[in-house]
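Student: I would like a close look at one part of this model, the packing between a pair of its helices. Please take that part slowly, and then set it beside the other features that can be described.

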Amino acid sequence: MGFMKLLITGSNGLLGQKVVDLCLSKKIDFLATSSGPNRYSKCPQNAYVPLDITDEHNIQAVLTSYEPTHVIHTAAMTNVDQCELSPEACDLVNRQAVLMIARYCQLQQIHFQLLSTDFVFDGAAGPYRETDQPNPLSVYARSKFEAERIVQQLDGLHYSIVRTIIVYGQGENLSRSNLILWAKEALEKGASIQIVHDQFRAPTWAADLAWACVRICELDQQGIFHISGPETLSIDQIVERVAAFYNLSTAHITKLSSASLQQAAQRPPKTGFILDKARAILGYNPHILEVTFALL
Ligand SMILES: NC(=O)c1ccc[n+]([C@@H]2O[C@H](COP(=O)([O-])OP(=O)(O)OC[C@H]3O[C@@H](n4cnc5c(N)ncnc54)[C@H](OP(=O)(O)O)[C@@H]3O)[C@@H](O)[C@H]2O)c1
């Protein structure tokens with residue numbers, strides 16, 4: 001394992017915070033960056049600088065001054081419906097910014113790790129392997145797929161692509177919630193919630209994902225990795241597992257079809273990942289839902 005200096009983008013986000021945790025516990029030299037001030041109390045102020053990934057000068061200045069060996073690029077426009085409604089903003093953040101950072105990494109021989117999504121697939125034949133053919137259905141999904149192609153096509157770039165699915169966990173000052181936390185909080189309040197029964201996903205514990213991202217960097221592994229939780233379930237099954245674990249009533253849950261929800265962006269019906277590659281190469285061994293629920 002070589003010497004590592006890790007630059008994290010999107011460190012205020014859920015995954016970003018977990019990567020910061022891991023760097024602190026493993027004593028990895030890191031620089032955390034995100035747009036605006038540091039909102040994660042465990043991230044030391046002297047290990048943080050603001051970085052707007054859509055600003056090429058800002059990218060140049062921060063990377064030149066820190067000289068990382070690896071970049072874990074978690075920052076993105078992650079609200080899928082927002083992307084559908086603002087395709088230009090989505091393209092700027094999810095595709096153009098990747099091109100700018102990855103080009104710099106190509107010149108400086110820095111390992112660039114892109115976070116991508118199960119949504120690159122159309123969901124007709126999940127669970128998926130790394131070698132399966134993408135067919136993105138939404139603006140968000142296309143922006144991520146195009147970003148994947150950019151890093152694959154930059155000559156000589158050291159890169160990894162980590163695709164993941166419904167990331168969940170606790171974080172501080174997050175700009176959005178996640179399915180499992182949202183469901184837990186709503187069920188605890190006895191609020192009425194609507195969930196779909198015809199979408200299948202493998203929810204991913206954010207700390208497991210962070211572990212895999214850092215592991216790939218430590219091993220300098222190239223190429224695509226599918227990283228998710230171990231089980232593919234329908235959304236209503238996931239919420240029922242939350243309810244059962246915390247002993248909460250399911251009386252106020254309404255189950256709907258995706259078609260009746262009328263969301264802006266189309267979602268793939270069934271994703272989920274086959275994790276053989278990550279298990280074999282990284283020793284990845286994700287936690288089952290109930291083990292993580294006890295830590296939420
Ligand atoms: N969460 C999922 O279910 C899921 C599923 C598949 C793939 N992924 C991918 O995994 C990655 C991490 O996801 P996550 O759940 O950690 O997302 P997240 O919590 O939404 O974090 C993304 C972070 O990026 C930051 N950001 C947005 N625009 C930026 C900009 N122009 N410059 C700098 N920072 C910017 C956001 O800042 P603010 O907090 O200030 O808005 C946020 O902190 C993303 O690339 C996402 O596409 C996520």
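Tutor: The crossing of H6 and H8 is right-handed, and this is a reading from a predicted model. The residues that make this contact are Leu179, Ile180, Ala183, Lys184 and Leu187 on the H6 side, and Ile235, Ile238, Val239, Val242, Ala243 and Tyr246 on the H8 side. Sorted by character, the residues of this contact comprise 10 nonpolar, no polar and one charged. As for the geometry, H6 spans residues 179–189 and H8 spans residues 235–246, and the two pack at an angle of about 50° with their axes 10 Å apart. Because an angle that is neither under 35 degrees, nor over 145, nor from 65 to 115 counts as oblique, H6 and H8 are oblique to each other.

A second pair of helices can be described in the same terms. H2 and H4, the latter covering residues 87–108, pack at an angle of about 35°, and their axes lie 10 Å apart; here too the crossing, that of H2 past H4, is right-handed. On H2 the contact involves Glu56, Ile59, Gln60, Leu63 and Thr64, which meet Met100, Ile101, Tyr104 and Cys105 of H4. The residues of this contact divide into six nonpolar, two polar and one charged.

Two details of the backbone deserve attention as well. Glu67, which sits in the loop between helix H2 (56–66) and strand S4 (70–73), has a phi near 55°, a positive value although the residue is not a glycine. Gly126 and Pro127 are joined by a cis peptide bond, with omega at about 0°, and Pro127 belongs to the loop that runs between strand S5 (111–117) and helix H5 (139–153). Both details stand out because most residues other than glycine have a negative phi, and most peptide bonds are trans.

There remains the ligand, which is surrounded by 26 residues, the closest being Leu15, Arg39, Thr78, Tyr140 and Lys144. Of these, Lys144 has an N or O atom in its side chain 2.8 Å from an oxygen atom of the ligand. A polar side-chain atom of Ser175 is likewise placed 3.0 Å from a ligand oxygen atom, whereas for Asp52 the partner is a nitrogen atom of the ligand, at 3.1 Å from a polar atom of the Asp52 side chain.

How values were computed
Residues numbered from 1 in each chain as written. Predicted model: local features only at pLDDT ≥ 70, side-chain atom pairs only at ≥ 80, totals over all residues. Heavy atoms only, no water. Axes fitted to C-alpha atoms, helices over the stretch in contact; angles between N-to-C directions. Helix = DSSP H or I, 4+ residues; strand = E, 2+ residues; numbered from the N terminus. Left-handed = near helix turned anticlockwise from the far one by under 90°. Contact = heavy atoms within 4.5 Å. Nonpolar A, V, L, I, M, F, W, Y, C, P; charged D, E, K, R; others polar. Near = heavy atom within 4 Å. Polar contact = N/O pair within 3.5 Å; in protein donor to acceptor, adjacent residues only side chain to side chain.
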